[in-house]
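I opened the file to look up a few packing and backbone details. My notes follow in the order in which I checked things.

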Amino acid sequence: MYKYDSYDQQMVDTRVAEFRDQVRRRLSGDLTEEQFRPLRLQNGLYLQLHAYMLRVAVPYGTLNSAQMKVLGDIADKYDRGYGHFTTRQNIQYNWIKLEDTPDILADLAAVEMHAIQTSGNCIRNISSDQYAGAAADEIVDPRPYAELLRQWSSFHPEFLTLPRKFKIAVIASETDRAAMRLHDIGIKMVKNAAGEIGAQFYVGGGMGRTPMIGPMIKEFVPLDHLITYSEACLRVYNRYGRRDNKYKARIKILVHELGKDEYTRQVEEELAHLLTMGIEPPIAELERIKQYFTDPAFEADASDDLDLSDPDFRLWVERNTHAHKQAGYVIANVSLKPVGGIPGDATADQIRLMAQLAKDYSFDELRVTHAQNIVFPHVKKADLYTLWKALDEAGIGTANLDTVGDIIACPGLDYCSLANARSIPVAQKISERFGSSEKQAEIGELKLKISGCINACGHHHAGHIGILGVDKKGVENYQLLLGGCEGADTSLGKITGPGFDENGIVDAVEKATEVYLSNKQDGERFLDTYRRIGMDPFKEAIYG
Amino acid sequence: MKILTGNDLKTGAVTWWTGVGWSLDVNDATDVGDEGAKIIAREEGAQNVFAAYVIDGEKTSEGVRPAHIKDRIRALGPTVRPDLTLKPSDPEAVNWVI
């Protein structure tokens, strides 16, 4: 994985020193909260419901074991013994003290991490496919391109005060595992007829209060225009994005209001101008970055055999592992969704255990997924049982990936100052209702996503079943959505009808699954059945 | 009653105006009447608290109860982690929020 050069390290170290001084001035009273607020937000420090919250960036979700260990140590030393992995492939700490923050950032900088641009109207952490570099179906590893974009977007002086926040995802497979078309810019690395690698650009997607699927605006951008084209997209947005209304300030609104064709025309015009300025980094820089993403030293003759005599292990292998490009290896997913647990939370001990297991069994690498799980990308099949046993003993060996138990949920009103309703208790109740592995097996793939407000951090628009918590005259109320999907066939969920209370929404989810089970045809997932039979049978069962 | 809440500058902890200072316990909150804005200006100016605001609440037999669920969760702690609330030994405390 990428290693900081002296420029990267100097930038991060300088920022730590700068923020240390800003915190000192805040605590001494030299800075008011009004003056300090934008400074702390630029360093990922929010004020949430109970305390300060620190969001730490995990670029394209990739971590090494030393970094993961430090994340666990921070949870112990500065927080309350746990961290929360987020739908942006980051980690958040919920109980941070202001006076500790500079030391935390220094600890992070020591392992080439930071919290810069995890808040504010700038380009946020770039997300990617959690199976990058390991999946058999990718045409190229997307991470070098994501890293180049990270370097371009970090401290980019023109894009630190955009009309609104800006999120970019990069993938390189037909299977979209990063919700690419629900980003401000989604980039899909593709191969053209001549066999050259380039970037396909989708612009103006997003969730939030106005969900939109990003349209493709450019089929093939050559690699030597990747940054320049990105710059052109951002420049048009920065110039014309709505700054007068924060609810209409995302790029999706601009693309929608201008129309895809006019927005694209303006991007091309800007591109032509930018090409005269020579801002594209030399292709040698991309080649330099690529050197950090070469394959680990796989054993060429690693055995493909797996002893599946332990039924619990067999179930976990079936549910939580994914084919690897290298024979004898698998991609192993750790579900942070034990039955009745808090989605995305992991204790300091669990985090450190995963760090050690990555060191021992996954070439020192881990990934954070936007579904709030952890991935060991390169595990030798011969090591898989030992790995799973260690996870299971630590309470994170649950076999439920992509099932109804693998719920995405935002922190909701239990932690978030923007939320209108609690998400986690609903997730826990659904997880318990569908806790049996037999029930999960019967239902199969079902992506359930819960947000505690319209900002949609829990991706409810993209859930096969989505739940949106709202405030109805001071009482929590939950709307049910069906038919969302974030993959290659991205679709937005539709609201079934009137909302429910906390227990009612769990019953409604169960009724929806019963409609699926009584109507499904061979090989159909919940989503497939919904798309075939439509909303009416579900509404009838839920409200009838 | 009108009660005044904010966050402690160093820790970010939720605090409640008692009439003479700030407390972590909502039951210490006092009715500030129409004085909220004046107290906020003075206390924020003195760096004793930040992000302060006035909310509605009522005095009940169980103590002071903020009117809105968001402030009740602020007062108690996350309902999904009873061990991290202000009443870790009372598993029923989360029912007070709802």
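Entry 1. Chain B, helices on the sheet.
I started with helix H1 (residues 36-45) of chain B, which lies across strand E1 (2-7), strand E2 (14-17) and E4 of chain B. I noted that H1(B) runs at about 140 degrees to E4(B). Helix H2 (residues 69-76) of chain B also packs on the sheet, where it touches E1, E2, E4 and E5 of chain B. The direction of H2(B) makes about 130 degrees with that of E5(B). I keep in mind throughout that this is a predicted model.

Entry 2. The sheet itself.
I then read off the strand order in chain B. Five strands form an open sheet, ordered E3-E2-E1-E4-E5, with antiparallel pairing. Which strands stand at the edges? They are strand E3 (22-23) and strand E5 (63-66) of chain B; each has a single partner strand, so one side of each is left without a neighbour in the sheet. For the E5(B) edge I looked up the pairing: strand E4 (residues 50-60) of chain B is joined to E5(B) by four bridges, and the two run antiparallel. Opposite Gly57(B), I found Pro66(B) in E5(B).

Entry 3. Burial of H2(B).
I went back to H2(B) to see how far it is covered. Six of its eight residues are buried, so H2(B) is largely enclosed by the rest of the structure. I listed the buried residues as Lys70(B), Asp71(B), Ile73(B), Arg74(B), Ala75(B) and Leu76(B). The cover over these buried residues includes E1, E2, E4 and E5 of chain B. Just after H2(B), I noted Gly77(B), which takes a positive phi of about 125 degrees.

Entry 4. The side of chain A that touches chain B.
I counted the contact between the chains next. On the chain A side there are 22 residues, in contact with 20 residues of chain B. Helix H13 (residues 424-433) of chain A gives the most to the chain A side, with three residues. By class, I have that side as 11 nonpolar, four polar and seven charged residues.

Entry 5. Val426(A).
I picked one residue from helix H13 of chain A, Val426(A). Is Val426(A) buried or exposed? Val426(A) counts as buried, because it has 26 C-beta neighbours inside 10 Å and 20 are enough for that class. Leaving aside neighbours within four places in sequence, I found Val426(A) in contact with Ile450(A), Ile467(A), Tyr478(A), Glu502(A) and Ile505(A). I also took a distance to Lys325(A): it is 101 residues from Val426(A) in sequence and 37 Å away in space, C-alpha to C-alpha.

Entry 6. Two helix crossings in chain A.
I looked first at helix H15 (residues 502-519) and helix H17 (residues 536-543) of chain A, whose axes come within 9 Å and cross at roughly 135 degrees. H15(A) and H17(A) are therefore oblique to each other, and the crossing is right-handed. On the H15(A) side I listed Ala508(A), Lys511(A), Ala512(A), Glu514(A), Val515(A) and Asn519(A); H17(A) contributes Pro537(A), Phe538(A), Ala541(A) and Ile542(A). I have this contact as seven nonpolar, one polar and two charged residues.

The second crossing is that of helix H6 (residues 226-240) and helix H8 (residues 260-275) of chain A, with axes that come within 8 Å at roughly 125 degrees. H6(A) and H8(A) are therefore oblique to each other, and their crossing is right-handed. Among the residues that meet here are Tyr229(A) and Val236(A) in H6(A), and Tyr263(A) and Leu274(A) in H8(A). The contact of H6(A) with H8(A) divides into nine nonpolar, two polar and three charged residues.

Entry 7. E7(A) and two positive phi values.
I found both faces of strand E7 (residues 168-171) of chain A covered, with Ile168(A) and Val170(A) buried on one side and Ala169(A) and Ile171(A) buried on the other. Strand E6 (residues 127-128) of chain A runs parallel to E7(A) and is joined to E7(A) by two bridges. I noted Ala169(A) as the bridge partner of Ser127(A).

Phe155(A) sits in the loop between helix H5 (143-153) and E7 of chain A. Its phi is positive, about 60 degrees, although Phe155(A) is not a glycine. I have Phe155(A) as partly exposed, with 13 C-beta neighbours inside 10 Å. Ala179(A), in the loop between E7 and strand E8 (185-191) of chain A, also has a positive phi, near 55 degrees. Ala179(A) is buried, with 24 other C-beta atoms within 10 Å.

Terms used
Residues are numbered from 1 along each chain as its sequence is written. Chains are lettered from A and ligands numbered from 1 in the order in which they are written. This is a predicted model: local features need pLDDT of at least 70, side-chain atom pairs count only at pLDDT 80 or more; totals for chains, interfaces and linings use all residues. Axes are lines fitted to C-alpha atoms, for helices over the stretch in contact, and angles run from 0 to 180 degrees between N-to-C directions. Angles under 35 degrees count as roughly parallel, over 145 as roughly antiparallel, 65 to 115 as roughly perpendicular and the rest as oblique. A crossing is left-handed if the near helix is turned anticlockwise from the far one by less than a right angle, and right-handed if clockwise. Two residues are in contact if their C-beta atoms, placed from the backbone, lie within 7 Å. Ala, Val, Leu, Ile, Met, Phe, Trp, Tyr, Cys and Pro count as nonpolar, Asp, Glu, Lys and Arg as charged, and the others, Gly among them, as polar. Two strands pair if DSSP finds at least two bridges between them. A residue is buried if 20 or more other C-beta atoms lie within 10 Å of its own, exposed if 12 or fewer, and partly exposed in between; C-beta atoms are placed from the backbone.
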